[in-house]
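Here is a short briefing on a few backbone and burial features. Keep the sequence and the 3D view open as you read.

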Amino acid sequence: MPIPLAVPFVIIIGGPILYAILWRKIWKYFHGKTICIMGERFVGKSVIANFIQTGLYQEEYNRVNSERKLKVSKKFKDAKIFVKYLYDESGADDQINLWEIRLKDSDFAMYLFRADLIYGMELKDIIRYFNVDDISLKKKFKQFTIYFGMYLKDTGFPYEHPDFDINGEQFEKLSMFYDNYKKRSVRRIRDDFCQINDWIKKSPKKIVLVGTHADWIPWHEKGSMLKGRDMFDRFKDELLTKVPEISRQMANRLVIGGLDGFDETESVVIQALKLLKEN
Ligand SMILES: Nc1nc2c(ncn2[C@@H]2O[C@H](COP(=O)(O)OP(=O)(O)OP(=O)(O)O)[C@@H](O)[C@H]2O)c(=O)[nH]1
Ligand SMILES: [Mg+2]
């Protein structure tokens, strides 16, 4: 085609295509959602935030003790949602005052909590579950003892040599501390929800609840959200009883899973995003 004829041809054909591409980008920008991720320390907020941003499961990353604002600009086809930004909040006590501001600035929110601590197992159930010859379970048990150990240290328990032998002398005392550890977690969720309820009264937001560390619950089966409906409903009832600040309507937007690998993290993220998008 001679050059003078090619120019108008490119304008006629290319113009609308360019316009459509630009318009799509503008539309997405303004319709993209900002999600605020809240919850106590070590519940998995950054695992979820990193997954939404990069599509990768990152077990370890350089932890910073402050919140992060992440640019995402990504469409999640299955959930029909375009995520523009994420606030990955910090669960540290001195950072919670920021949650209110970030929540106000967001379209949606996720609240994460340790499902294993709500489920109400006894320490001996957990030891029996973890104490088998399996590398992955041994790794999880190590992490479990680190978190529980932090609590023990705060209470003055002689953590240097905790005896996780269920026949050991110290075990009864340790079990009592574990029960208090679960109660402390419930208190923390209740306190958070007292605050969150106040905030969403002023500035309504849709929240999804994500119970993590379900892989530390002996009866959990990967991808099954606690082995089917019965178990899931029992869990929900238990959560509503222990944390009456959570309304039933809010509890209907509940996802439970273990963020211990790509597949389960992806499944938790997609389910959570779908619940946020649904009316
Ligand atoms: N097994 C297992 N590990 C998890 C789960 N969720 C998080 N983790 C691990 O727990 C550690 C802490 O997770 P983070 O995502 O950093 O926790 P966070 O909520 O961002 O914590 P802060 O930023 O300190 O408030 C990481 O090593 C994660 O891999 C889970 O559901 N199961
Ligand atoms: Mg974090």
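**Backbone and burial briefing**

Phenylalanine 42 counts as partly exposed because 17 other C-beta atoms lie within 10 Å, whereas a buried residue needs 20 or more. The model is a predicted one. The points below cover two residues with positive phi, then helix H2 (45-54) and the glycine just after H2.

**Phenylalanine 42**
- Phenylalanine 42 is not a glycine, yet its phi is positive, at about 60 degrees.
- Look for phenylalanine 42 in the loop that runs between strand E1 (33-39) and helix H2 (45-54).

**Histidine 213**
- Histidine 213, also a residue other than glycine, has a positive phi near 60 degrees.
- The loop between strand E5 (206-212) and helix H8 (229-242) holds histidine 213.
- Histidine 213 counts as buried because it has 27 C-beta neighbours inside 10 Å.

**Helix H2 and what covers it**
- H2 is mostly covered, with 7 of its 10 residues buried.
- The buried residues of H2 are Lys45, Ser46, Val47, Ile48, Ala49, Asn50 and Ile52.
- Several strands help cover these buried residues, including E1, E2 (68-76), E3 (81-88) and E4 (108-114).
- Helix H10 (262-277) is also part of what covers the buried residues of H2.

**Just after H2**
- Glycine 55 comes just after H2 and has a positive phi of about 75 degrees.

Technical notes: Residues are numbered from 1 along each chain as its sequence is written. Chains are lettered from A and ligands numbered from 1 in the order in which they are written. This is a predicted model: local features need pLDDT of at least 70, side-chain atom pairs count only at pLDDT 80 or more; totals for chains, interfaces and linings use all residues. Helices (H or I, at least four residues) and strands (E, at least two) are DSSP runs, numbered from the N terminus. A residue is buried if 20 or more other C-beta atoms lie within 10 Å of its own, exposed if 12 or fewer, and partly exposed in between; C-beta atoms are placed from the backbone. Two residues are in contact if their C-beta atoms, placed from the backbone, lie within 7 Å.
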